Amino acid sequence: ITQTRDIYAGQGNFSAQQPFILTFGLGSTNHIDKIEIYWPDKNYSRTVVKNQNANQVIEISFDGSVKVIK
């Protein structure tokens, strides 16, 4: 299964922004094979993170480092 989400920063009235947290419904799946992030830079850089557990909140950095938040 492939799921896609976009974050649009800087849109809205009075400088309101969407949160930078994305939620994916995985059903009974307990493992994520791969997460790909395409960054909004001029090179359209890509970060790939593999083999993550489901049911957690993670922070992924540009360099591919992962920090489990909860």
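**Exercise 1. The largest pocket**

Determine how many residues line the largest pocket of this predicted model, and which of them lie nearest its centre.

*Solution.* The lining of the largest pocket comprises 38 residues, and those nearest its centre are Leu22, Phe24, Ile35, Glu36 and Ile37. The volume of this pocket is about 1800 Å³. Turning next to the strands, E1 and E3 each contribute at least two residues to the lining, and E1 gives the most, with eight residues. Sorted by class, the lining holds 21 nonpolar, 11 polar and six charged residues.

**Exercise 2. The chain as a whole**

Describe the secondary structure of the protein chain, and state what share of its residues is buried.

*Solution.* The protein chain has zero helices and four strands, and read along the sequence these give the pattern β-β-β-β. Buried residues account for 9% of the 70 residues in the chain. For the contacts, consider those between residues at least 6 apart in sequence: 5% of them join residues at least 24 apart.

**Exercise 3. Salt bridges**

Find the salt bridges in the structure, and establish how the residues Lys34, Glu36 and Arg46 are linked.

*Solution.* A search of the whole structure yields two salt bridges. One of them is formed by the side chains of Lys34 and Glu36, with an N to O distance of 3.3 Å. The side chains of Glu36 and Arg46 also meet in a salt bridge, here at 2.8 Å from N to O. Because Glu36 belongs to strand E1 and Arg46 to strand E2, this pair ties together parts of the chain that are 10 residues apart in sequence. Lys34, Glu36 and Arg46 are thus linked in a network of salt bridges. As for accessibility, Lys34 is partly exposed at a relative accessible area of 45%, and Glu36 also counts as partly exposed, at 33%. Glu36 should be recalled from the first exercise, where it was listed with the residues that lie nearest the centre of the largest pocket.

**Exercise 4. Aromatic pairs**

Count the aromatic pairs, and decide for each whether it is stacked, tilted or edge-to-face.

*Solution.* The count comes to two aromatic pairs. In the pair of Tyr38 and Tyr44, the ring centres are 5.1 Å apart and the planes make an angle of 20 degrees, and the pair is stacked, because planes under 30 degrees apart count as stacked. Tyr38 is partly exposed, with a relative accessibility of 41%, whereas Tyr44 is exposed at 54%; the two classes follow because exposed means over 50%.

The rings of Trp39 and Phe62 have their centres 5.5 Å apart and their planes at 55 degrees, so this pair is tilted. It links distant parts of the chain, since Trp39 is in the loop between strand E1 (31–38) and strand E2 (46–53), while Phe62 is in the loop between strand E3 (58–60) and strand E4 (66–68), 23 residues apart. Trp39 is partly exposed, at a relative accessible area of 22%, a value that does not count as buried because buried means under 20%. Phe62 is partly exposed as well, with 48% relative accessibility.

**Exercise 5. Positive phi values**

Examine Asn51 and Asn55, and state where each is placed and what its phi is near.

*Solution.* Begin with the general expectation that most residues other than glycine have a negative phi. Asn51 has a phi near 55 degrees, which is positive in a residue other than glycine, and its place is in strand E2. For Asn55 phi is near 60 degrees, again a positive value in a residue other than glycine, and this residue is in the loop between E2 and E3. Asn51 is exposed, with a relative accessible area of 54%, and Asn55 is exposed with 78%.

**Exercise 6. The surroundings of His31**

Which residues does His31 touch, leaving aside those up to four places away in sequence?

*Solution.* His31 is in strand E1 and is partly exposed, with a relative accessible area of 33%. Apart from residues up to four places away in sequence, His31 touches Asn51, Gln52, Asn53 and Ala54; among these, Asn51 is the residue in strand E2 whose positive phi was treated above. Finally, His31 and Lys50 are 19 residues apart in sequence, and their C-alpha atoms are 9.9 Å apart in space.

How values were computed
Residues are numbered from 1 along each chain as its sequence is written. This is a predicted model: local features need pLDDT of at least 70, side-chain atom pairs count only at pLDDT 80 or more; totals for chains, interfaces and linings use all residues. Side-chain values use heavy atoms; hydrogens and water are left out. Rings of Phe, Tyr and Trp (its six-membered ring) pair if their centres lie within 6.5 Å; planes under 30 degrees apart count as stacked, over 60 as edge-to-face and the rest as tilted. Buried means under 20% relative accessible area, exposed over 50%, partly exposed in between (1.4 Å probe, protein chains only). On a 1 Å grid over the protein atoms alone, a cavity is a set of points where a 1.4 Å probe fits but cannot get out, and a pocket is an open set with protein on both sides within 12 Å along at least five of seven lines; lining residues have an atom within 4 Å of a point. Grid points are joined across faces, edges and corners, and a volume is the space filled by probe spheres set on the points. Ala, Val, Leu, Ile, Met, Phe, Trp, Tyr, Cys and Pro count as nonpolar, Asp, Glu, Lys and Arg as charged, and the others, Gly among them, as polar. A salt bridge is a side-chain nitrogen of Lys or Arg within 4 Å of a carboxyl oxygen of Asp or Glu. Contact means heavy atoms within 4.5 Å.
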